[in-house]
Amino acid sequence: MRKNFGPKPAMYPMPVLILAAYGADGTPNAMNAAWGGISEETEISMCISPGHKTTENILARKAFTVSMGTADTVVACDYVGIVSGNEVPDKVAWAGFHTSRSAFVDAPLIDELPMALECRLVSYDPETCRLVGEIVNVSAQENVLNAEGFVDPAKLRPITYDSMNHTYLVLGEVVGNAFADGAKLR
């Protein structure tokens with residue numbers, strides 16, 4: 001038997017995406033956005049409303065970064081989601097985050113978040129709140145890489161937002177091999 005919940009933004013996993021952009025005065029700003037994902041090979045799409053300071057900054061600078069929230073930074077990631085940059089202009093510093101300038105786009109990288117997509121603005125529709133970015137570069141700190149030089153989710157410890165229970169969960173357990181396990185059914 002199934003229980004019906006009606007239309008809700010419930011999906012698993014729901015990534016915890018931290019968008020960062022520079023303000024007009026060069027101050028880094030960030031927000032927590034759960035509604036987003038890869039929409040093309042080198043494209044990310046998110047739903048963010050026009051009233052966010054981060055939205056204003058992205059539209060002005062035409063660039064932003066998207067970092068994965070991690071288990072080690074859950075408090076800071078939640079903070080940048082519940083506090084408005086319109087009210088607390090230095091909320092990145094209040095969160096305890098430090099930033100470095102991306103070498104690829106005019107946007108900040110958050111040093112404490114070890115993986116980021118560095119993006120150029122493609123489009124924004126204020127009616128649907130859909131923000132689309134071209135992924136210009138993906139960067140990751142060496143301490144989250146495996147022996148082959150790729151991101152190791154067990155080291156990254158990305159978090160997902162559970163919208164039904166209003167909690168964050170950590171991802172990372174390997175349960176199968178993509179493009180291989182299904183071959184057993186051929």
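This passage walks through a predicted model, starting from its nonpolar interior and ending with its charged pairs.

The biggest feature of the interior is a nonpolar core. The largest such core holds 22 residues, and those with the most contacts inside it are Leu-19, Met-46, Ile-48, Ile-58, Val-66, Leu-117 and Leu-131. Two or more residues each come from strand 1, strand 2 (28-33), strand 4 (43-47), strand 5 (63-68), strand 8 (115-125) and strand 9 (130-140). Strand 8 gives the largest share, five residues. Gathering of this kind fits a general trend: in soluble globular proteins, nonpolar side chains tend to be buried together. There is also a second, separate core, this one of 13 residues, with Ala-76, Ala-95, Ile-110 and Leu-113 among them.

Leu-19 is a handy way into the bigger core. Leaving out residues up to four places away in sequence, Leu-19 touches a list of residues including Met-46, Ile-48, Ile-58, Val-66 and Leu-131. Ala-33 is on that list too. Ala-33 sits in strand 2 and is buried, at a relative accessible area of 3%. Beyond its neighbours within four places in sequence, Ala-33 is in contact with Pro-15, Val-16, Leu-17, Leu-19 and Ile-48. His-98, by contrast, is 65 residues from Ala-33 in sequence, and the two C-alpha atoms are 19 Å apart.

Not every nonpolar side chain is tucked away. Phe-5, Tyr-12 and Met-164 make a nonpolar patch on the surface, with about 310 Å² of accessible area together. Tyr-12 belongs to the segment before strand 1 (17-22) and is partly exposed, with a relative accessible area of 48%. The backbone does something unusual here as well: Tyr-12 and Pro-13 are joined by a cis peptide bond, with omega at about -10°. Pro-13 also lies in the segment before strand 1.

A few other backbone spots are worth a look, given that most residues other than glycine have a negative phi, and most peptide bonds are trans. Lys-62 is not a glycine, yet its phi is positive, about 65°. Lys-62 lies in the loop between helix 1 (53-61) and strand 5 and is partly exposed at 48% relative accessibility. Arg-157, again not a glycine, has a positive phi of about 55°. Its place is the loop between helix 4 (153-156) and strand 10, where Arg-157 is partly exposed with a relative accessible area of 34%.

Strand 10 (residues 159-162) runs antiparallel to strand 11 (residues 167-170), and four bridges join them. Thr-160 has Leu-169 in strand 11 as its bridge partner. Four residues lie between the two strands of this hairpin, and His-166 takes a positive phi near 55°.

Turning to charge, the count comes to five salt bridges. One of them links the side chains of Glu-56 and Lys-53, at 3.1 Å from N to O. Both residues are in helix 1, three residues apart, or about one turn of the helix. Glu-56 is partly exposed at 45% relative accessibility, and Lys-53 is partly exposed at 24%.

Another salt bridge pairs Asp-106 with Arg-61 (2.9 Å, N to O). Asp-106 lies in the loop between strand 6 (99-101) and strand 7 (108-110) while Arg-61 is in helix 1, so the pair ties together parts that are 45 residues apart in sequence. Asp-106 also meets Arg-101, with the closest N and O atoms 2.9 Å apart. Arg-101 counts as exposed, at 52% relative accessibility. Through shared partners, Arg-61, Arg-101 and Asp-106 are joined into one network.

How values were computed:
Residues are numbered from 1 along each chain as its sequence is written. This is a predicted model: local features need pLDDT of at least 70, side-chain atom pairs count only at pLDDT 80 or more; totals for chains, interfaces and linings use all residues. Side-chain values use heavy atoms; hydrogens and water are left out. Patches are made of residues with over 30% relative accessible area and no salt bridge: like charges are joined within 9 Å, nonpolar side chains (Val, Leu, Ile, Met, Phe, Trp, Tyr) within 5 Å. Accessible areas come from the Shrake-Rupley method with a 1.4 Å probe; for residues, only the protein chains shown count as cover. A salt bridge is a side-chain nitrogen of Lys or Arg within 4 Å of a carboxyl oxygen of Asp or Glu. Buried means under 20% relative accessible area, exposed over 50%, partly exposed in between (1.4 Å probe, protein chains only). A nonpolar core is a set of buried Ala, Val, Leu, Ile, Met, Phe, Trp, Tyr and Cys residues joined through side-chain atoms within 4.5 Å. Contact means heavy atoms within 4.5 Å. Two strands pair if DSSP finds at least two bridges between them.
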